[in-house]
Amino acid sequence: MKISDIYNNKKQTLSFEIFPPKKESGLENIDETLSVLAELNPDFISVTFGAGGGTGSKRTLELARKIKEEYKVEPVVHLTCLTYDKKQIDELAKELQSEGIENILALRGDITPELTPAGDFAHASDLISYLKKEYDFCFLGACYPECHAESADMIDEIKHLRTKVDAGAEVLLSQLFFANEIFYNFSEKCKIAGIDVPVVPGIMPVINASQIKRMVSMCNASFPARFKRIIDKYEDNKEALFDAGMSYALTQIIDLLVSDIPGIHLYTMNNPKVARRICEGIKNIV
Ligand code: FAD
């Protein structure tokens, strides 16, 4: 099923993001996570993609196949284009097509010194425009309520986001953020710019202080004082941080759900306890 149809037919969605396990041992250990996630009845599960390609892309595809075939949940495959040329992208697209994958989160990928750009795709919108000519996928795109680190300002950000939507992105999934006002302001700016596709907030419940500090700096997200107080107080107490992190995320989610947002995309970090606790907190709402 195309993800755009889910948003057209449903009031508010719930979706999860997971990543392929890094170990070479394969995907066996992911089953515990997937069985819990599937039980929670998400509208889709998205699977991240290693920006450098290689075996990472294989594991993404295997996991997406597993989600679809064994767990009967619609997968969304993340696909980064920076290091691929057109021929390699065609090969990947054909493989996805032959597996019955219908949805791609089209991404550029981070520019890092270790990766050599192939030169065919400078931006996610180029990937969408290219694939749209040949293939019948539903394309999703990423968006950044606090601006992508490379954008000069919010005007630049929104202008390029509009290009991505004009190229064919039918749903936008947001980067994590910890203050809902930031997302509401961003959504409003998207509407003013004529971006009329669902803009879905991405929420990351915090369970690990050092991990979140690293992610926040990588993602260009800000730390509201209320959130920072929780991290500072409980960073050395795992159980307390879990409770406080879930409570903070649930407060964010409920505030978003009562506002006019199309759904919630939950960054699960492959942790079934996180997904279960969040779903328990909203079971009579979504
Ligand atoms: P783009 O949309 O190309 O934007 C990148 C920058 O270029 C922005 O500053 C934008 O404003 C600017 N820009 C865009 N178009 C133009 C244009 N035409 N002219 C000039 N400037 C332009 N990374 C992974 O490696 N694997 C993943 O699985 C993954 N999943 C993600 C999921 C989500 C929901 C999000 C929000 C991010 C994810 N990322 C992932 C990270 C992403 O790859 C990086 O943030 C990357 O730096 C940008 O990717 P993008 O697709 O947003 O790029």
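Let's start inside this predicted model, with the residues around its largest cavity: by class, that lining has six nonpolar, two polar and one charged residues. If you want to find them in the viewer, look for Tyr144, Pro145, Glu146, Cys147, Gln175, Leu176, Cys219, Asn220 and Ala221. The space they surround comes to about 30 Å³. How many cavities of 30 Å³ or more does the structure hold? Just one.

Now step back and look at the strands. Eight of them close into a barrel, and you can walk around it in the order S1-S2-S3-S4-S5-S6-S7-S8, with parallel pairing. As you go, neighbouring strands of this sheet are turned against each other by 30° on average, if you ignore direction. There's a helix to spot here too: H7, residues 180-192, packs on the sheet and touches strands S5 (138-143), S6 (169-176) and S7. The direction of H7 makes about 160° with that of S7.

Stay with S7 for a moment. This strand covers residues 199-203, and two bridges join it to S8, residues 263-267, with the two running parallel. One place to look is Ile203, which stands opposite Leu266 in S8.

From S8, hop over to S1, because the barrel has to close somewhere, and the order given above runs from S1 to S8. Five bridges join S1 to S8, and these strands run parallel as well. Here Leu14 stands opposite Ile264 in S8. S1 also pairs with strand S2, residues 44-47, in the parallel sense over four bridges. On that side, the bridge partner of Glu17 is Ser46 in S2.

So what does S1 look like in terms of burial? S1 is mostly covered, with six of its six residues buried. In a regular strand, side chains alternate between the two faces of the sheet. In S1, Thr13, Ser15 and Glu17 lie on one side, while Leu14, Phe16 and Ile18 lie on the other, and both faces are covered.

Let's zoom in on one of these residues, Ser15, which sits in strand S1 (residues 13-18). Is Ser15 buried or exposed? Its relative accessibility is 0%, so Ser15 counts as buried; the cut-off for that word is under 20%. And which residues does Ser15 touch, leaving aside its neighbours within four places in sequence? Ser15 is in contact with Tyr7, Pro42, Phe44, Ile264, His265 and Leu266. You've already met two of those names: Ile264 stands opposite Leu14, and Leu266 stands opposite Ile203.

Methods. Residues numbered from 1 in each chain as written. Predicted model: local features only at pLDDT ≥ 70, side-chain atom pairs only at ≥ 80, totals over all residues. Heavy atoms only, no water. 1 Å grid on protein atoms, 1.4 Å probe; cavity = no way out; pocket = protein on both sides within 12 Å on 5 of 7 lines; lining within 4 Å. Points joined across faces, edges and corners; volume = space filled by probe spheres on them. Nonpolar A, V, L, I, M, F, W, Y, C, P; charged D, E, K, R; others polar. Pairing = 2+ DSSP bridges. Axes fitted to C-alpha atoms, helices over the stretch in contact; angles between N-to-C directions. Contact = heavy atoms within 4.5 Å. Buried < 20%, exposed > 50% of the residue type's maximum accessible area, 1.4 Å probe, protein only.
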